[in-house]
Amino acid sequence: MWTRRTFLEALSTGSLEKRHVTLPRPPLLNRRDATQQSPGRPRAEMMREGEIVIERPLAGRPHAGKVLAAIQPHSDDLPLFAAGTVAKLVTEGYTGCLIRMTNDEKAGRGATTGEIVLNNERDNDAVAATLGLTKVFNLNYRNHRMDNESRQEIRGRLIHIFRLMKVDTIVCYDPWAHYEENPDHYVTGQVVESACWMAGSSRDYVEQLEGGLKPHGVSDKYYFARGPQLINRIVDISGSIDRKVESNRVNVTQGPAGENGARLRARLAAQKRRLPILGNDDETANRQYIKHVVLDLDSPGLRGVPSDRELGRRYGLEWAEGFHYIGAPVSRLEQYITENAVAQ
């Protein structure tokens with residue numbers, strides 16, 4: 001019998017094709033390297049369905065002056081799915097903020113709800129520091145109850161932040177992800193998507209403009225998902241994988257990472273066994289467990305997505321993250337005018 005988890009595992013490992021050989025895989029029309037686009041052409045570009053862009057690390061700080069908003073419903077979402085890309089973009093010059101949508105009251109350690117909320121907030125601050133994000137906004141909606149909140153109110157708060165921080169790029173859950181069971185995830189993605197373009201309108205939330213803010217739409221969007229999604233961008237995170245590991249390491253209150261390596265090492269020691277990959281101390285065990293189990297070996301079971309290492313191998317990379325990427329629309333009118341306008 002198919003369950004949600006067995007379906008996702010089959011899809012990520014390719015065994016679904018073995019069971020149903022009549023289902024064709026859509027061909028890749030073309031693979032392009034995001035660092036090899038023509039000079040002067042915007043890096044942000046809408047991709048055609050089936051086309052894959054490989055985004056590689058850029059030398060220096062080519063994104064200096066740009067602002068990134070990393071948005072997550074819970075303290076462990078970005079570390080698990082997109083921390084490598086966030087760290088890469090910050091290294092390349094972005095400044096950024098971390099927006100956490102919920103108070104995380106339903107997940108993690110603590111004797112009371114208040115302790116759980118406090119522990120997750122501390123972890124979230126540590127994630128931001130690890131990734132180089134200098135500002136944190138905790139919106140503190142009730143965990144697992146975001147579908148009971150006013151989307152209009154959430155959208156207005158996000159638009160205020162986008163305008164205030166002059167956000168150019170967001171990293172967030174995919175608003176069109178398939179089989180997403182957590183309401184916090186899909187509500188966040190959908191509200192963020194609408195806030196990105198409405199933030200650039202002079203007709204929406206005019207009271208913010210009266211207060212001194214200016215319209216400022218978001219041009220680049222990196223959407224990740226916990227499960228199947230349309231992927232058109234593969235980001236090489238080989239140079240930032242250790243930052244991703246560290247962002248998962250500091251999430252000790254909830255999630256599959258944190259201190260679970262040390263716990264596994266202790267359990268095996270009680271059985272008079274050991275895994276050499278976990279090393280000889282708890283700190284090594286935690287980091288090795290995150291890198292080689294959470295992000296690789298047992299990724300489909302723990303995260304619902306393919307291994308970062310395996311995804312990288314498919315494209316000749318050591319480690320990679322996949323996204324549904326949406327960039328600013330590229331107008332071809334000026335190019336057409338240059339090439340075709342004639343003197344009168």
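**Entry 1. Helix 5 against helix 9**

I began with a helix pair: the axes of helix 5 (residues 113–131) and helix 9 come within 9 Å and cross at roughly 165 degrees. An angle over 145 degrees counts as roughly antiparallel, so I entered helix 5 and helix 9 as roughly antiparallel to each other. I then looked up the hand and found that helix 5 passes helix 9 in a right-handed crossing. For the contact itself I listed Val127, Thr130 and Leu131 from helix 5, facing Arg243, Glu246 and Ser247 from helix 9. By character, I noted 2 nonpolar, 2 polar and 2 charged residues in this contact.

I record here that the model is predicted.

**Entry 2. The protein overall**

I counted 14 helices and 9 strands in the protein. The protein has 344 residues, and I noted that 52% of them are buried. I also looked up how contacts are spread along the chain: of those between residues at least 6 apart in sequence, 75% join residues at least 24 apart.

**Entry 3. Salt bridges**

I found 21 salt bridges in the structure. Side chains of opposite charge can pair when their charged atoms come close. I examined several of the pairs one by one.

I looked up lysine 221 and glutamate 193, whose side chains form a salt bridge with an N to O distance of 3.5 Å. Lysine 221 belongs to strand 7 (residues 220–224) and glutamate 193 to helix 7 (residues 183–198), so this pair ties together parts that are 28 residues apart in sequence. I noted both lysine 221 and glutamate 193 as buried.

Next I turned to glutamate 321 and lysine 244, a salt bridge in which the closest N and O atoms are 2.7 Å apart. Glutamate 321 sits in strand 9 (residues 320–326) and lysine 244 in helix 9 (residues 241–249), so parts that are 77 residues apart in sequence are tied together by the pair. I found glutamate 321 and lysine 244 both buried.

I then checked arginine 265 and aspartate 282, which form a salt bridge with their closest N and O atoms 2.9 Å apart. Because arginine 265 lies in helix 10 (residues 260–270) and aspartate 282 in helix 11 (residues 282–297), the pair ties together parts that are 17 residues apart in sequence. How accessible is arginine 265? I read a relative accessible area of 27%, which makes arginine 265 partly exposed. Aspartate 282 is likewise entered as partly exposed, at 40% relative accessibility.

I closed the entry with a network: Glu55, Lys88, Glu92 and Arg233 are joined into one by salt bridges that share partners.

**Entry 4. Positive phi outside glycine**

I looked up histidine 144, a residue other than glycine with a positive phi, near 70 degrees. I located histidine 144 in the loop between strand 5 (135–141) and helix 6 (151–165). Its relative accessible area is 40%, so I entered histidine 144 as partly exposed.

Tyrosine 205 is not a glycine either, and I read for it a positive phi of about 50 degrees. I placed tyrosine 205 in the loop between helix 7 and helix 8 (206–210). Is tyrosine 205 buried or exposed? Buried means under 20% relative accessible area, and at 15% relative accessibility tyrosine 205 therefore counts as buried.

Conventions:
Residues are numbered from 1 along each chain as its sequence is written. This is a predicted model: local features need pLDDT of at least 70, side-chain atom pairs count only at pLDDT 80 or more; totals for chains, interfaces and linings use all residues. Side-chain values use heavy atoms; hydrogens and water are left out. A salt bridge is a side-chain nitrogen of Lys or Arg within 4 Å of a carboxyl oxygen of Asp or Glu. Helices (H or I, at least four residues) and strands (E, at least two) are DSSP runs, numbered from the N terminus. Buried means under 20% relative accessible area, exposed over 50%, partly exposed in between (1.4 Å probe, protein chains only). Axes are lines fitted to C-alpha atoms, for helices over the stretch in contact, and angles run from 0 to 180 degrees between N-to-C directions. Angles under 35 degrees count as roughly parallel, over 145 as roughly antiparallel, 65 to 115 as roughly perpendicular and the rest as oblique. A crossing is left-handed if the near helix is turned anticlockwise from the far one by less than a right angle, and right-handed if clockwise. Contact means heavy atoms within 4.5 Å. Ala, Val, Leu, Ile, Met, Phe, Trp, Tyr, Cys and Pro count as nonpolar, Asp, Glu, Lys and Arg as charged, and the others, Gly among them, as polar.
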